Structure formats: structure tokens, C-alpha cells
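Subject: The two-chain model

Hello,

Here is the model I promised to send over. Please open it alongside this email, and then read on for my notes.

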Amino acid sequence: MRLSCLQENLSRGLALVGRAVATRTTLPITQHVLMETDQSRLKLSATNLELAITTWVGAKVEQEGAVTIPARLLTDFVNSLPNERVDVELTPRPIGVHLQCARFEAHINGADAEEFPPIPTVQEGITARIDPQVLRTAISRVVFAAATEETRPVLTGVKVEISGQRFTLAGADGFRLAVYRGPLVEPVTEEIHAIVPARTLSELQRLLVDQEEPVELVVTPSKSQILIHLKGVEMVSQLIQGTFPNYAQLIPQSFGTRAVVDLQEFSRAARSASIFARDGGGIIRLQVIPGVEGMAGKMVITSRAEETGDNEGKIDARVEGDEAKIAFSSRYLTEVLSVMERGEVALETTTPSSPGVIKPVGGEDYVHVVMPMFVQW
Amino acid sequence: MPIRVLAPQLAAQIAAGEVVERPASVVKELVENGLDADATSISVEIMGGGLEMIRVVDNGCGIPAEEAELAFHRFATGKIASAEDLDCITTLGFRGEALPSIAAVSAVALLTRPPQEAVGTLVEVAEGQVIRSVPQGSPPGTSVSVRRLFQSVPARLKFLKSPAAEASRVQTMIQQFALAFPHVRFHLAIDGRAAFASSGGGNLRDACSTIYGPKTARALLEVATPGVSGEGAGSIGVYGLVSPPDMSRASRAYLHLFMNRRWIQSRTLAYALEEAYQGFLMERRHPLAVIHLTVPPREVDVNVHPAKLEVRFHQESEVFSALQRAVRSALVARAPVPTVRSGLAPSWPAPVPTEVGTLSLQGVPSQPSLSRSVSEEGGRSASTPGEVASSLRVLGQVQNLYIVAEGPGGVYLVDQHAAHERVLYERVRGEFRDRAPQVQGLLEPAVVELPPSLEEALAAHGEEWSRYGFDLETFGPHSYLLRALPVIFKDADPGETFMSILEEVGQGKGTGDWEEALASSIACHSAVRAGKSLTQEEMAHLLAQLSATDQPHTCPHGRPTMVHISASHLEREFGRR
């Protein structure tokens, strides 16, 4: 293998695939990056056996070949080089690469490309196309609600459902549920149901920032892997096997009280309440008071810590229904408010012990269900 | 007092004590008689925990009219005839003690008819004396009603538990029979209410399902090693269902061992079973298992104990290893083995030991003993217990378990789990004291299926559970919905954790000790585990929380949360002084 490419491109490519390099592993080869020539490009791949990322770097290929190199070392060295042409050459004994850029050169030992775990390829399957910015928004609204602990593995994933002209993402951790629905670029003929690891979607969210062309999602017929096609990047992720809770039945269909408030104000009040909630077990209490005789209603946001003190914030609210009280974990409340963007949000409640629903008013099709904390008022 | 021969009635009452200990043992003896009579359906009914009434009805072979009265004579049995028969007992009973013993301490009515006879017989016995024996119409089979149990033996009565507790023992007993005889239909009614019913379909997994619920039953792994006929090691058959490695219980109450369909208790065999799980289960977790052993009758002596709960094997070590091997192989066959793909063998050679690495520790005189002198040292340099903990500076983490910190006069090692346990324990105790547990609702209620023993532990504190932060609702027979739980559990599996806690705290009475046990159990289950890597901030936060507790130096179980290596100790070890 002998090729040349620009330092800038190589560095960007390595940073991209670096997200899939295993951090702690019993299989040292997964801490390597696979470099191989692919027609007139250099193909870079990394995998931690759950997620694989592949990208291509424009290069002038003089001789074909492949090798694996420790990712961290290679990335750090390439990043330290000036933005000029980098010449890369495979060295047979010991196996590795020789790099030269301006007046710097280095030899890095690697391993035979044969030893690299095969990157799964998805040849056929059901394909759906989604606008990248729509998908990025959808992931940001849902992925934080997925569980981080492995006690119920299906909950560490996000349920992806694609059918007709729409896609649905749902994440839940046993205490809260987030569901986002959005449009597809073109309708699908066959439905897709898959549980994608939340970590895969977080990485995808990062990659989507500068994408403009529709993202292609392909699920293998065996439903064991998902392939995500971006411009110049491919991700392949294992899917989580199991049964995701039937989330539709967890979304309350009616409410006793609905309060519409400004997101920014609600968010600010929740953040200041969370400071006091920190020492008081993380409880934020919400009280919704309907307006009387044409006066605007109110939402009162309070928290208290036994020895530290307490606080209270009042914001205007358009209230439907009766006065209501509900208490939430401050983390759950601030997290959902921070991923929503602007405008108005509605809080729908029935009793202090039944789930609360937070959703944007108009625009997005997004629902967030949070189980309350049972407190004494 | 002169020595006298006891009156026959008194002697019989004393002897009865060995066989008939409590209502459950009466039920056991009567059900065993039914099974020995080849019944395919046995129904049991008890009132008032069995003290008011026990009735066992079977559809077995019945007793001919001329023998019915004889059945109440001590050592009268139709099951063996000679001493040689004792060597190869195939029936459950054989001692001829059951009916007379029961009759000695209660009023018994026996109604029986062999299918081939036209009229049945009714025999009534009180205080060991036959008071009536008349022909009477009867369905085929035998029905025995026992009333006024132990009324004539107040001493025994005193040691019985509440009717509910005795009923629960009877239920456990019937469930053991259902597991031992999956082809027999069992039905149990307690105070007129159906409490348990097995289908008698002959399938062990179905029988398990009626006791532990379908979800658990489906997950169990099958163990099957048929024994060859004849004698010696190969003749031991092992069949049963065992929990997969990812399912476990907090007590040994879920081991059901049967030897030739006889329920037995054997510490040795229980140990063999747990040995098979070596490496699959965490410490202090136990498997759930239903094991049928088939041993040639000559290889075992069941005549050790009147209630026949203990048996003696002639070749115990062979039974031991047959059981262990069978269970182990079922587990290994199903345990997840990491898949190594072809061409994926790790390519890195083992690191070459460096010069420093090869130095052996032989020169070091003896294992340095760390003085657990935290409290004394703390007493010298700090005035309150919290002060040592508050002045610790985190250096790092060892084995994802111990926090290494620098503090007054040397180095401190803090056990992260024990420390967190202490923090949570005091928090939970505080919440209990203020009657203000912090409770988080569950998005989907967890369904908890409880065996009778745990159901009783639950019932013993009824409404109180909500006061401690558990919001429960009855969901069906033996199953409950857990709708909310103390907020500190967030990361654990709600259903399993709740069951473990029930097992740990048991039924303890009163609120003082029980509440403490509950708090300590809650703390233990939600504390950070050994093996979890913590960030510098998390460790610092944990130490700060620890310093704010009343007893920062021990965990609720009394183990130390930290050990101290004094500066002077280090100086000595390094030869500086």
C-alpha cells in the first residue's frame, strides 16, 4: 500500500471513525483503525463490535493494500502534522506504516488487516430516507430518555418505527418516555421496527450536524443490524433484541388540567428550582392555578432543602381545567425542557400520582411522559 | 415419683409428637397415603389453619370394610410385610404410624370405599378409641377428616404459629407435592377459598408455573440425565428444572429436592447444586431449582426420621457428583460464551515483563498488616467522626472498588459500596423518621409474583409498605403490581429488588428492628456496586456525603467503610525509620 492524501482530510477522517474505536476492551485489535485502499480513495474503518464507522478520504493511490494501526497513536500523530501532503506507505516487516509529511516522518507498528474484525456489510434490506436535520432533532428529543443502566437491556435502546410516510422514535427508562414522530422523504412500502442502541444514535446525531442530503437507514432482513448511510460516512450498528414496552399505551389520552407556558420561562424557573432541589432529594413541585375573572393563570415552581432554604418561581400560564399539583424529579424536568427549542409548552396532568405529559404547542409531534414523585404537600 | 408404665393413650400422644408436629404434617401424612393408594386427584381443605378442620379426599384404591378399623392400630400398614421389604421401599409411607398418630391427638373420621365394593365404611375415632364403625355410601377412594387437632395436647398447641402461618405451611407442602407428582391433580382450599390448584397434566414445567408464574417457569432450564437400570454410580437419574444464570434468588427457599418422588432436605445435595452454579451467580444469591433424583430403592435408607424428611444414601458422593454434573452441564450448554470470530484472535503478544516487573516479592519479610486504626487515629487528630472523612483528598480508585485518599496522618482506603451504603442507610432512616419517604412513580407498574412465604412477609406489614415508599396493589392470586418505589432505587430492576428485600427482611414483627432491617436492605440494594468505576468528582462527592453521616466509619452491617495506613507505617515499610 502506498498513497498520499492531505493531512486535513486524513485528520478529519480519523476523528470521525475514532468515535467507534473501543475504549476498554479485551480485544486489543478493536483499538486499531483499519486503513485500506478503495479505488482512488483511502477507506478508514473502526469498530467496537457494537458499532462500526467507515469513512473515505480522497487520496492518490499508487499501490493497493490494507493494514491496521493503533487508532490513538495514529490520530495524535496526524493531528500534530502541518496541513500538507501526507505520504503513507505500508511496511511489511514489522507490519506497520511509514508516514511522511513535510519534514516529519514516523513509523507506526500495526497488525495485519486480516486480523481486523470483519465490518458487517448490509447488502439488502428495507430502506428509509429521512431529512438529516429532522432526524437530528428527533434524536435529540428522545435519546436522553433511554436508560443508561443495563438492568433492562431493551431500554438502553431507542425504538425506531418506520411506516407509511412517517417515522417514530421512542425512548424510555422506566420512569419517563419520549416519543417523536416525523416525516420521511418518501413513503416506505414495508414497515421497519428496530431497537437501536442509544449510543449509536448519539454518535449519529453528532455526524448529522453538517449533513444536507437525506440519510438512508437500512435494516437487514434478519433484523440484527442497521446500516446508516451518510454522505461519505457509513455506520453499521448491532440492534438490540427483545421486546420494547408498548409505549403507546403509556401515553395518557386525557387530562384534568392543562397549562400552557412559555418554554424559556419554564426552563429558567426549573433550573433555579433545581439548585435547591439538589440537597432536598431532587424534587421540584409544580402547582397550576387557573386564572379568575379574566386574569391569567399561574404556574408556581417551588423546591426546598431542609437545611439550606427554599425558592419559588411564578410564571404566567393559560390554564384549562382545575387547580393541580404535581412533583417531578428535577433532573427529569430540566432535561426535557432543555432539549425542546422554543415557543410554548403544555403540561398536562390528572392527579399528583398519575403521569404528567409535556409537549410543545403546535409544530412538532413530540410527547414526553414523566412519572411524578409522590410527595407530601 | 415412682416409675410407672405410661397409660397407652399418653404413650400414643407422645409418640404422635414425632410424626404429627403441626397441621402441615397431618396433611403430609394423609396426602402420602392418598398417593400410595395411586390416587390421580387429591383435594385438601383446611379451616382455621388446620386446627379446626383438615380434610383430605383422594380417588385412590380405598380400604376394604374389614380392614378399615385396623388402619387405626399402631404399626398397621398395607405397604410392607417383612424386614426385607424395608430394603427396597417404593411407597412414601411404610411405618404404619400416620393414622394412629393423628388419631391420638384429634378426632378423625375415615370414609372409604374401594371402587370394586358397593358400600363404603365410615370409622370415627376420638382420643385414639374407635367410637363408631358403620357401613355408609361413599364415592370411590378415601376421605379423612381431622378435627380438634391437638385440643388434647395443649403443650403442642402453644408452639403453633398463627392460623395464617400454619396455612401457609400447608400450602408450601401441597406445592412440594405438586412438584413431586406433576401427574396428580392437587387442589387446596383454605377457609373455603381456593388457594392452589395444579393441573395434574404430568408436565413439571406446568407444575412450576402454577407456583412461580408462567414467566419464571418458561425461563427455567431443563436438566435430564437418565439413570441406567441396575446399581452403582450410573443408576442415579437426575431430572428437573433449574434457573438460568441470569435468574437468582436471595435465599435457599427455592430449592426443591425430591428423591424417588419423596421431598427431602439435604444440606449436602443443596451444596452440590450450588457448587454447579459456581461462577454463574453472585455471592449470596441462590438458584431456583426443582430436582428429581431417581435412586435404586436399595441404595437409600429413608427410615431415618419419622417424618422421612431426611434420607441416607449408601453412596452419597456419587449422588452428589451426579447432581452436580447434570446441573453444571445444563448451565454450561446455555451460558453465553463469547463468540470469537475466525481470524480475530488477539494479535498482541503478551507484554514482555520489564526489569522492575520481574522482581519477586520474596524479599519482603511478611505481609504488611494494615492497622484498622481509623477511629483511634481519628480520635487523635479529629474531634468528631465526620472530620476524618471530610478532610480526605481523593487520589484514585483501586479495582473499581476502593477509593484511595490522603487524609490526616496517612493514606485511607474507602470501600465504595460500604461507604455509599452508610450514606443511603442514614438517608432512608431519616426519611422513615420524618414519615416522608421520597417516592418515584414507575412508568409501567412492575408485576411481582410472590411465593407463599414472601406473600406472608408482605401481608405481615400490609398497609405499612406505602409508608416506606412502596406503592403496591393486588393484581391477582399471588401477584402484585408495584406502582412506585423509593426514589433511591432508580437504577435497579424494581420487581427483583423488591423481592430480594422481602426475602431479606422477612416477617419480623414490630417496627423498630424491622424498620432498621428494611432501611439497611434498601440501602444495600441501591448502593453503588463493587466493580463500578467512579469519576474523581463522584468519589469526592461520596466522601463528602460520608463525612456528613453519624457513623461514617462502619456500614450498616458493621463492616468498616475505610481502613487507614498510617504515615509512620509507610515510613517503617520503606525503611525510612
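Below is what I found, starting with the interface and moving on to salt bridges and a few single residues. Please keep in mind that this is a predicted model.

**Where the chains meet**

How many residues of each chain take part in the contact between chain B and chain A? On the chain B side there are 27, and they are in contact with 34 residues of chain A. The size of an interface is often given as the accessible area lost when the parts come together. Here the area buried between chain B and chain A is about 2600 Å², and carbon and sulfur atoms give 57% of that area.

As for polar features, the count between the two chains is 1 salt bridge. That salt bridge pairs the side chains of B:Lys532 and A:Glu149, with a distance of 4.0 Å from N to O. There are also 5 residue pairs in polar contact between chain B and chain A, counting pairs with both residues at pLDDT 80 or more.

Which elements of chain B give two or more residues to the side that touches chain A? They are strand E19 (439-449) and strand E21 (479-486) of chain B. The largest share comes from E19(B), with 6 residues. Sorted by class, the chain B side has 13 nonpolar, 6 polar and 8 charged residues.

E19(B) is worth a look for another reason too. Strand E26 of chain A (residues 373-374) is joined to E19(B) by 2 bridges, and the two strands run antiparallel. If you want a place to start looking, A:Met373 has B:Gln440 in E19(B) as its bridge partner.

**Salt bridges within the chains**

Side chains of opposite charge can pair when their charged atoms come close. Over all chains, the structure holds 33 salt bridges. Here are some of them.

In chain A, the side chains of A:Glu341 and A:Arg141 meet in a salt bridge at 3.6 Å, N to O. A:Glu341 lies in the loop between helix H6 (330-339) and strand E23 (344-349) of chain A, while A:Arg141 is in helix H3 (residues 132-142) of chain A, so the pair ties together parts that are 200 residues apart in sequence. The two partners also differ in their exposure: A:Glu341 is partly exposed, with a relative accessible area of 46%, whereas A:Arg141 is buried, with a value of 1%.

Chain A also has a network of salt bridges, which links A:Arg2, A:Lys60, A:Glu62 and A:Glu89.

In chain B, B:Glu32 and B:Lys28 form a salt bridge whose closest N and O atoms are 3.1 Å apart. Both residues are in helix H2 (residues 23-36) of chain B, and because they are 4 residues apart there, about one helical turn separates them. Are these charged partners buried or exposed? B:Glu32 is buried, at 3% relative accessible area, and B:Lys28 is buried as well, at 8%.

Another chain B pair is B:Glu473 with B:Arg483, where the closest N and O atoms are 2.9 Å apart. B:Glu473 lies in strand E20 (residues 471-476) of chain B and B:Arg483 in strand E21 of chain B, so this pair ties together parts that are 10 residues apart in sequence. B:Glu473 is partly exposed at 35% relative accessibility, and B:Arg483 is partly exposed at 32%. Strand E21 of chain B is one of the elements named above for the side that touches chain A.

**Two buried residues in chain B**

B:Gln175 sits in helix H6 (residues 163-180) of chain B. With 7% relative accessibility, B:Gln175 counts as buried, because the cut-off for buried is under 20%. Leaving aside residues up to four places away in sequence, B:Gln175 touches B:Phe196, B:Ile211 and B:Pro452.

B:Ala104 is in helix H4 (residues 98-104) of chain B, and counts as buried at 2% relative accessibility. From B:Ala104 to B:Ser152 is 48 residues in sequence and 8.9 Å in space, C-alpha to C-alpha.

**Chain A as a whole**

Chain A has 6 helices and 26 strands. Of its 377 residues, 53% count as buried. Among the chain A contacts with a separation of 6 or more, 67% are between residues 24 or more positions apart.

Happy browsing, and best wishes

Methods. Residues numbered from 1 in each chain as written. Chains lettered and ligands numbered in written order. Predicted model: local features only at pLDDT ≥ 70, side-chain atom pairs only at ≥ 80, totals over all residues. Heavy atoms only, no water. Contact = heavy atoms within 4.5 Å. Buried area = accessible area lost by both parts, 1.4 Å probe. Polar contact = N/O pair within 3.5 Å; in protein donor to acceptor, adjacent residues only side chain to side chain. Nonpolar A, V, L, I, M, F, W, Y, C, P; charged D, E, K, R; others polar. Pairing = 2+ DSSP bridges. Buried < 20%, exposed > 50% of the residue type's maximum accessible area, 1.4 Å probe, protein only.
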